[in-house]
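Q: I have a model open beside its sequence, and I would like to learn how to read it feature by feature. Could you take me through it slowly, with the general idea before each case?

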Amino acid sequence: MAAESGTAAEALVGQVVLPGDLLLLPAHYDEDAEGERLRLSAGGAPQGRLLCGPGLRRCGAGLLVTKCGLLRHRPAGGGAFWVDSQQKRYVPVKGDHVIGIVTAKAGDVFRLDVGGSEPASLSYLAFEGATKRNRPNVQVGDLIYGQFLVANKDMEPEMVCIDSSGKSSGMGIIGQDGFLFKVSLGLIRKLLAPKCEIIQELSQLYPFELVLGMNGRIWVKAKTVQQTLIIVNILEACEYMSAEQRKQALAKLSGN
Amino acid sequence: GVLERSREQLLRQTCEAVVLGALHPRTAITLVLQVLSDAGSLLSCCLNAACMALLDGGLPLATLFCGVTCALQPDGSVLLDPTARQEQEARAILTFAIGSSERKVLMATTKGSCSVEEMQQCLAAAQGAADTIFQFYRDSVRRRYCKS
């Protein structure tokens, strides 16, 4: 069986890759390479293990692409490769902060819909300052912002609203009013990037509260219903508008 | 009807061979294909649409696949992507699902009869045509990601 000749991974960084493409890693990532142990040059291969991120799987000598998208690379800390793909359906990942909707209360545990294939569970003790006597006031239909404690393909996902030191750090029940809507996962990642222009431009328009969930859900609350709906429409349209079109739309709105 | 069932089974077998189902246990993946117009080569059109849908949905795939239909005409010549009329006049219609890694055959179905050599000939022609389809996939995905 002839082996498929792959292309070097570093040559394809920033370009579109499709499932079935085989990426070859440079030789210095081989763990048992003989004669490579004594590396005297400082500017050589990065030390540490290579991280194989979403969209890639280890296969023999290289990485097999399993999702279509742009290949990204981060050389820091051993190096990481991943595929930046646009999709709308969310798969729970440990450590992600998401917005969940309470669908049921089953004894000591709340069931939350997070947009994955299974509902997540949230214990009533996983809130800051919650004890057996002091229960949090959560009703069916409430919105909760939390992070995943357990999320893998074999178990039901579990969420918590406290971090490892027991503080809530912004997580918990999301307040009354406001508007929840769904966007694609790529837009959320763009909005969460540091110094995002969209958020800065919008904050000059009206003051508003914003919660971004990695599962594609956004909650917005502004002073009036009309302002809230305007912000919702702009965020939904941001996916398909270029930067100039967005600036034009915002200029038109702030001129009114 | 029986014909739709048989097409469903063929599509299902091809998709099951390609989708990495081990990453999503206890989960059902449903693929719905709606025929808007049928001008011939319906099964290979369904295969191509299914592959693009799986690609767009972000499901983990081991390879891409495409469908190619060959019609064997009464004089022995091979015609690719026949129209409905050409399909009716042909002696045999062969549909292949071809994977993107090493152009492996994932599924083959025949309507009518043909000899082994003729089938090999059709298969070779289909594998050549698959290159064009995979290039089209690549260009479509490139266009989509370059917009953002």
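**Reading a helix and its surroundings**

A: Let us begin with a single helix, keeping in mind that this is a predicted model. Helix 2 of chain B has 16 residues, and from its first C-alpha to its last it reaches 22 Å, close to the 22 Å expected at 1.5 Å a residue.

Q: Which residues of helix 2 of chain B are buried?

A: The general idea comes first: an α-helix has 3.6 residues a turn, so residues three or four places apart point the same way. In this case the buried residues of helix 2 of chain B are Leu42(B), Leu43(B), Ser44(B), Cys46(B), Leu47(B), Asn48(B), Ala50(B), Cys51(B), Leu54(B) and Leu55(B).

Q: Against which elements do the buried residues of helix 2 of chain B pack?

A: They pack against two helices of chain B, helix 1 (2-18) and helix 4, and against strand 1 (65-72), strand 3 (92-99) and strand 4 (105-112) of chain B. Just after helix 2 of chain B comes Gly58(B), which takes a positive phi of about 85°.

Q: How many cavities of 30 Å³ or more does a search of the whole structure find?

A: The search finds one, and the volume of this largest cavity is about 60 Å³. Of the 13 residues that line the largest cavity, Lys67(A), Cys68(A), Ser85(A), Leu55(B) and Gly58(B) are the closest to its centre. Helix 2 (42-57) and helix 4 (116-147) of chain B are the elements that give two or more residues to this lining. By residue type, the lining of the largest cavity divides into five nonpolar, five polar and three charged residues.

Q: What is the volume of the second largest pocket, and which residues are the closest to its centre?

A: The second largest pocket has a volume of about 690 Å³, and of the 20 residues that line it, the closest to its centre are Glu8(B), Leu11(B), Arg12(B), Leu31(B) and Val32(B). Helix 1 and helix 2 of chain B are the elements that give two or more residues to the lining of this pocket, with helix 1 of chain B supplying the largest share, nine residues. The lining of the second largest pocket divides into eleven nonpolar, three polar and six charged residues.

Q: How should I read a single buried residue, and where is Gly99(B) found?

A: Start from its element and then look at its contacts. Gly99(B) is found in strand 3 of chain B, and Gly99(B) counts as buried because its relative accessible area is 3%, against a cut-off of under 20%. Leaving aside neighbours within four places in sequence, Gly99(B) is in contact with Thr63(B), Leu64(B), Phe65(B), Lys104(B), Leu106(B) and Phe134(B). Although Leu64(B) and Gly99(B) are 35 residues apart along the chain, their C-alpha atoms are separated by 5.7 Å.

Q: Which residues of chain B does the UniProt domain annotation cover?

A: An annotation can be set beside the secondary structure of its span. UniProt gives "domain: Exoribonuclease phosphorolytic", from an unreviewed entry, for residues 8-60 and 64-127 of chain B. Residues 8-60 of chain B are 51% helix and 0% strand, with end C-alpha atoms 21 Å apart, whereas residues 64-127 of chain B are 28% helix and 42% strand, with end C-alpha atoms 14 Å apart.

Q: How many helices and strands are there in chain A?

A: Chain A has four helices and 17 strands, and 42% of its 256 residues count as buried.

Notes: Residues are numbered from 1 along each chain as its sequence is written. Chains are lettered from A and ligands numbered from 1 in the order in which they are written. This is a predicted model: local features need pLDDT of at least 70, side-chain atom pairs count only at pLDDT 80 or more; totals for chains, interfaces and linings use all residues. Side-chain values use heavy atoms; hydrogens and water are left out. On a 1 Å grid over the protein atoms alone, a cavity is a set of points where a 1.4 Å probe fits but cannot get out, and a pocket is an open set with protein on both sides within 12 Å along at least five of seven lines; lining residues have an atom within 4 Å of a point. Grid points are joined across faces, edges and corners, and a volume is the space filled by probe spheres set on the points. Ala, Val, Leu, Ile, Met, Phe, Trp, Tyr, Cys and Pro count as nonpolar, Asp, Glu, Lys and Arg as charged, and the others, Gly among them, as polar. The expected span of a helix is 1.5 Å times one less than its number of residues. Buried means under 20% relative accessible area, exposed over 50%, partly exposed in between (1.4 Å probe, protein chains only). Contact means heavy atoms within 4.5 Å. UniProt positions are given in the numbering used here, feature names are shortened, and annotations may be inferred rather than shown by experiment.
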